[in-house]
Amino acid sequence: MHGPPRPRRVERSWALMRESVAGVVERSSAAARVSLEQYADGHVIRSLDPSGDLGDVIRAFGEAVLRIADHVGAGRLAAAAVDAGELNVQGEVQKPLDVLSNDVVLTALRDVPAVAAVVSEELAQPQVFPDARGPYLVAVDPLDGSSNLDVNIPVGTIFSVLRRTGTGAEVDLTEFLQPGRDQVCAGFALYGPATVLVLATAAGAVAFTLDRTTGVLVRTHPHLRVPESASEFAVNVSNERFWPAPVRDFISDCLAGRAGPRGQDYNMRWVASLVAEAFRILTRGGVFLYPADSRSGTRAGRLRLLYECNPIAFVIEQAGGCASTGRGRVLDISPTALHQRLPLVFGSSDEVAAVEGYHLDRACGVRPRSARPEFPLFNTRTLFRGR
Ligand SMILES: O=P(O)(O)OC[C@H]1O[C@](O)(COP(=O)(O)O)[C@@H](O)[C@@H]1O
Ligand SMILES: [Mg+2]
Ligand SMILES: [Mg+2]
């Protein structure tokens with residue numbers, strides 16, 4: 001051991017604190033300690049798929065998440081911490097952990113006969129398993145937000161499970177192009193201070209937290225509910241000048257606070273990590289916006305429909321929130337391409353409805369709220385000047 005020994009009194013109080021924390025955790029969780037394994041085998045998942053196939057897919061994601069959590073948690077100590085420098089299908093630099101996480105997910109799913117094929121952010125073409133064995137298709141972003149790794153900000157894995165629409169031994173890639181409302185299951189892992197796996201099915205949204213003492217994902221959030229209203233927004237404000245007018249109107253009016261048209265003071269958060277924003281909104285509400293903007297790479301939006309927007313939208317809706325493009329429900333979009341991008345707005349239903357209202361106002365030629373004489377936010381001042 002390095003450094004001077006701690007005084008005995010300090011050691012004793014640390015030991016007491018550890019014991020009392022362990023006692024609280026044990027008492028509070030002893031009543032219904034449900035592991036991901038048990039949940040995957042339990043009546044909720046069996047009622048959706050009595051064959052056990054869906055349970056197998058969920059268990060495979062559980063295993064992949066534990067492995068990826070280990071790699072992410074090792075930070076700079078991980079063998080894969082040095083840049084790979086390759087470009088993925090989106091033309092973005094692949095981090096070694098992107099590649100490794102993709103391998104981990106594919107390896108876990110390859111062992112599950114229920115999965116016929118996988119679309120991944122890291123693969124230009126889907127991975128089709130031999131004989132197109134099972135009834136399920138998976139779309140996955142193995143490691144979302146990986147540009148945050150160097151600065152130790154939470155990242156995650158996002159996934160969507162679809163039922164095959166074809167019956168042949170060959171998977172037709174158009175089978176992936178289903179509207180998100182047809183997802184059987186979707187979820188995401190958040191590798192943060194705690195590793196959390198959020199899972200949604202038609203039966204609702206639940207979350208599991210990794211118990212590091214046993215290596216087991218334990219259900220900690222049996223009924224996730226997004227509060228209907230909240231006064232917190234998340235958006236990358238540095239893109240303000242590229243935003244479409246309704247988004248500028250909406251954020252401008254939020255910034256006007258209590259005296260403005262929205263009638264309340266707002267707080268802002270931007271982690272630049274979709275999974276972290278989604279989990280925050282699942283637990284305390286708010287609204288997230290990544291609109292389409294006028295920059296060349298983001299005219300159709302920044303986030304990918306099949307493995308970012310759809311699974312997050314499904315989780316949020318199953319938890320009672322809403323997800324929209326600003327003009328309509330995300331889960332009703334019929335995809336046209338595997339790596340298609342989309343504008344994404346999700347969160348508390350009141351806030352998402354408000355964003356849609358701003359889009360409708362502009363579409364109907366209604367005078368934007370922020371330009372009304374009593375709220376002269378734009379033209380006279382920008383978001384950060386002259387306030
Ligand atoms: O850096 P920006 O433009 O603020 O974008 C942040 C967004 O991009 C993401 O990091 C996704 O990017 P990747 O899929 O390339 O990792 C989201 O998690 C986050 O919401
Ligand atoms: Mg991503
Ligand atoms: Mg990724």
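Two residues are taken to be in contact if their C-beta atoms, placed from the backbone, lie within 7 Å. The structure described here is a predicted model. On this criterion, and leaving out residues up to four places away in sequence, Asp141 touches Glu121, Thr157, Ile158, Tyr307 and Glu308. Asp141 belongs to strand β3. It is buried, with 29 other C-beta atoms within 10 Å.

The overall organisation of the chain provides the setting for this residue. The secondary structure of the protein chain consists of nine helices and 15 strands. The chain has 387 residues, of which 44% count as buried. When contacts between residues at least 6 apart in sequence are considered, 64% of them join residues at least 24 apart.

The protein chain is divided into two parts, domain 1 (32-221) and domain 2 (232-371). Taken over C-alpha atoms, the centres of domain 1 and domain 2 are separated by 25 Å. Domain 1 contributes 35 residues to the contact between them, and domain 2 contributes 30 residues. On the side of domain 1 that touches domain 2, the elements giving two or more residues are β3 (136-144), β4 (155-163), β5 (185-191), β6 (195-201) and β7 (204-211). Strand β4 supplies the largest share of that side, five residues. By residue type, the side of domain 1 that touches domain 2 comprises 21 nonpolar, 10 polar and four charged residues.

A ligand is also present in the model, and its surroundings involve both domains. Ligand 1 is surrounded by 11 residues, and the closest are Gly145, Asn236, Ala272, Ser273 and Leu274. Three residues of this shell are nonpolar, five are polar and three are charged. Domain 1 and domain 2 each give at least three residues to the shell around ligand 1.

Annotation from UniProt was then compared with the model. An unreviewed UniProt entry places the feature "binding site" at Glu121, Asp141 and Leu143. These positions span 23 residues in sequence, yet no two of their C-alpha atoms are more than 8.8 Å apart, so they gather at one spot. Glu121 is located in the loop between β1 (115-120) and β2 (127-128). With 26 other C-beta atoms within 10 Å, Glu121 is buried. As noted above, Glu121 is among the residues that Asp141 touches.

For "binding site", UniProt (unreviewed entry) also lists Asp144, Gly145, Ser146, Ser147 and Asn236. Among these, Gly145 and Asn236 are also named among the closest residues to ligand 1. Asp144 lies in strand β3, and it is buried, with 29 other C-beta atoms within 10 Å. Apart from its neighbours within four places in sequence, Asp144 is in contact with Val155, Gly156, Thr157, Ile158, Leu274, Val275 and Glu308. Leu274, one of these contacts, is also one of the closest residues to ligand 1. Ser147 is placed in the loop between β3 and β4. Ser147 is partly exposed, with 15 other C-beta atoms within 10 Å.

Backbone geometry was examined next. Most residues other than glycine have a negative phi. Asn152, which is not a glycine, has a positive phi near 60°. Asn152 is found in the loop between β3 and β4, and it is exposed, with 10 other C-beta atoms within 10 Å. Ala272 likewise has a positive phi, of about 65°, although it is not a glycine. The place of Ala272 is in the loop between β10 (267-268) and α7 (274-284). Ala272 counts as partly exposed, with 13 C-beta neighbours inside 10 Å. Ala272 is also listed among the closest residues to ligand 1.

Helix α5 (residues 96-110) was considered as a single element. At 1.5 Å a residue, its 15 residues should span 21 Å; the end C-alpha atoms of α5 are 21 Å apart, which agrees. The buried residues in α5 are Leu97, Asp98, Leu100, Ser101, Asn102, Val104, Val105, Leu106, Ala108 and Leu109. The elements covering these buried residues include α4 (53-73), β1, β2, β3 and β4. Strand β3, part of this cover, is also the strand in which Asp141 lies.

Technical notes:
Residues numbered from 1 in each chain as written. Chains lettered and ligands numbered in written order. Predicted model: local features only at pLDDT ≥ 70, side-chain atom pairs only at ≥ 80, totals over all residues. Near = placed C-beta within 6 Å. Nonpolar A, V, L, I, M, F, W, Y, C, P; charged D, E, K, R; others polar. Domains from an automatic or database assignment. Helix = DSSP H or I, 4+ residues; strand = E, 2+ residues; numbered from the N terminus. Buried ≥ 20, exposed ≤ 12 C-beta atoms within 10 Å, placed from the backbone. UniProt positions renumbered as here; feature names shortened; annotations may be inferred. Expected span 1.5 Å × (residues − 1).
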